[in-house]
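This report looks at the inside of a protein model and then at its loops. Keep the structure in view while reading.

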Amino acid sequence: MSSRGPAAAALVALVLLAAGCARSVDPVERWGKAGSYGARATESGTGPPAVVRRVPTSDRTVFLTYDDGAEKDPRFVELVRERRLPVSMFLTDSVVGPGYGHFARLQSVGASIQNHTLDHTALRGLPYAGQRAEICGQQDKLKSRFGIRPRLFRPPYGTYDTTTLRAAADCGVAAVVLWRASMGDERLSYPTGERRLLPGDIVSVASIGTTGLTLVERTQRLLGEIRRAGLRVGRLEDYL
């Protein structure tokens with residue numbers, strides 16, 4: 001072998017490495033397949049947040065999440081207290097209105113408070129400044145009301161784009177939380193995958209029903225399904 005052989009081999013290796021680094025990687029896909037963030041840093045100096053529909057866990061645990069903050073039934077506070085339910089409340093400022101005291105009571109009995117934007121605006125396609133205002137604005141509201149800046153965020157309607165992820169990261173969000181199952185009035189629905197509850201599933205519960213069932217009644221039905229599936233309710237924040 002000539003003396004130029006090792007140098008040539010090293011040059012080839014560097015070229016191949018550079019080609020691999022130059023390949024664009026969708027941050028959401030990279031998280032799902034490799035368990036790590038995408039490559040481009042945001043203004044906050046971190047990568048984009050994880051996007052999760054379910055939690056990879058062997059624990060026989062599912063997670064209950066509630067959106068908006070439209071229903072403010074004090075009986076739901078009692079249900080959470082009595083059952084010690086570790087529920088996650090994703091709040092929208094324009095929906096909660098003057099009802100933040102109700103959610104302070106929920107927080108006091110164990111519920112966590114998370115971000116669902118200021119005005120429930122569909123974020124996908126909006127410019128960065130608009131998305132950041134919706135997310136960071138609600139972070140500020142929740143900080144002033146509850147003394148915490150949430151680490152979890154749910155985009156309205158479950159729609160988002162890479163700009164959403166960038167804005168969420170810059171607002172201090174660690175994970176964008178979607179769902180694999182949803183509870184409407186009387187039963188669970190599954191947009192994708194198996195049509196049954198599985199360990200690690202994140203369940204979205206609608207704030208307002210259309211058949212006259214209260215949030216307490218719909219939650220009780222859901223708890224029955226969870227029990228029959230041999231599962232329990234876990235605290236989402238402990239797993240993300």
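The largest cavity holds about 40 Å³ of space. In this predicted model, the count is one cavity of 30 Å³ or more. Which residues line the largest cavity? They are Tyr66, Asp67, Gly69, Glu71, Met89, Phe103, Ser207 and Leu215.

**Overall build**

The protein has eight helices and 10 strands. Buried residues make up 48% of its 240 residues. Of the contacts with a separation of 6 or more, 69% join residues 24 or more positions apart. The accessible surface comes to about 12,100 Å². Carbon and sulfur atoms account for 53% of that surface.

**Two cores**

In soluble globular proteins, nonpolar side chains tend to be buried together. Here the largest nonpolar core has 33 residues. Leu64, Phe76, Met89, Leu91, Leu197, Val203 and Ile226 touch the most other members. Helices and strands both contribute: two or more residues come from each of strand E2 (61–68), helix H3 (74–83), strand E3 (88–91), helix H5 (100–108), helix H6 (128–146), strand E7 (181–183), strand E9 (202–205) and helix H8 (215–228). H8 gives the most, with five residues.

Phe76 shows how this core is joined. Beyond its neighbours within four places in sequence, Phe76 is in contact with Tyr66, Met89, Leu106, Leu215, Val216 and Thr219. A second, separate core has 25 residues, including Ala50, Phe90, Phe153 and Ala168.

**Helices H8 and H6**

The table sets out the spans of the two helices.

| Helix | Residues | Span, first to last C-alpha | Expected span at 1.5 Å a residue |
|---|---|---|---|
| H8 | 14 residues | 20 Å | 20 Å |
| H6 | 19 residues | 26 Å | 27 Å |

Each span is close to the expected value, both for H8 and for H6.

H8 buries Leu215, Val216, Arg218, Thr219, Leu222, Leu223, Gly224 and Ile226. Polar residues are on that list too, among them Arg218 and Thr219. The buried residues of H8 pack against E2, H3, E7, strand E8 (188–189), E9 and strand E10 (232–233). Just after H8, Gly230 takes a positive phi of about 75°.

Is Thr219, in helix H8, buried or exposed? Thr219 counts as buried because its relative accessibility is 0%. Not counting residues up to four places away in sequence, Thr219 touches Tyr66, Phe76, Leu79 and Leu85. Phe76, a residue of the largest core, thus appears here again as a partner of Thr219.

H6 has its own buried set: Tyr128, Gln131, Glu134, Ile135, Cys136, Gly137, Gln138, Gln139, Leu142 and Phe146. What covers these residues includes E3, helix H4 (93–96), H5, strand E4 (112–115), E5 and H7. Gly147 follows H6, and its phi is positive, near 80°.

**Loops**

Most residues other than glycine have a negative phi. Which residues depart from that pattern here? Arg84 has a phi near 55°, a positive value in a residue other than glycine. Tyr157 is not a glycine either, yet it has a positive phi of about 65°.

Arg84 lies in the loop between H3 and E3. Its relative accessible area is 73%, so Arg84 is exposed. Tyr157 sits in the loop between strand E5 (152–153) and helix H7 (162–170). With a relative accessible area of 55%, Tyr157 is exposed because the cut-off is over 50%.

Ser58 is another loop residue, between strand E1 (50–52) and E2. Its relative accessible area is 70%, so Ser58 is exposed. Where does the chain come back to Ser58? The C-alpha atoms of Ser58 and Gly200 are separated by 7.7 Å. Along the chain the two residues are 142 residues apart.

Conventions: Residues are numbered from 1 along each chain as its sequence is written. Side-chain values use heavy atoms; hydrogens and water are left out. Helices (H or I, at least four residues) and strands (E, at least two) are DSSP runs, numbered from the N terminus. Buried means under 20% relative accessible area, exposed over 50%, partly exposed in between (1.4 Å probe, protein chains only). Contact means heavy atoms within 4.5 Å. Accessible areas come from the Shrake-Rupley method with a 1.4 Å probe; for residues, only the protein chains shown count as cover. A nonpolar core is a set of buried Ala, Val, Leu, Ile, Met, Phe, Trp, Tyr and Cys residues joined through side-chain atoms within 4.5 Å. The expected span of a helix is 1.5 Å times one less than its number of residues. On a 1 Å grid over the protein atoms alone, a cavity is a set of points where a 1.4 Å probe fits but cannot get out, and a pocket is an open set with protein on both sides within 12 Å along at least five of seven lines; lining residues have an atom within 4 Å of a point. Grid points are joined across faces, edges and corners, and a volume is the space filled by probe spheres set on the points.
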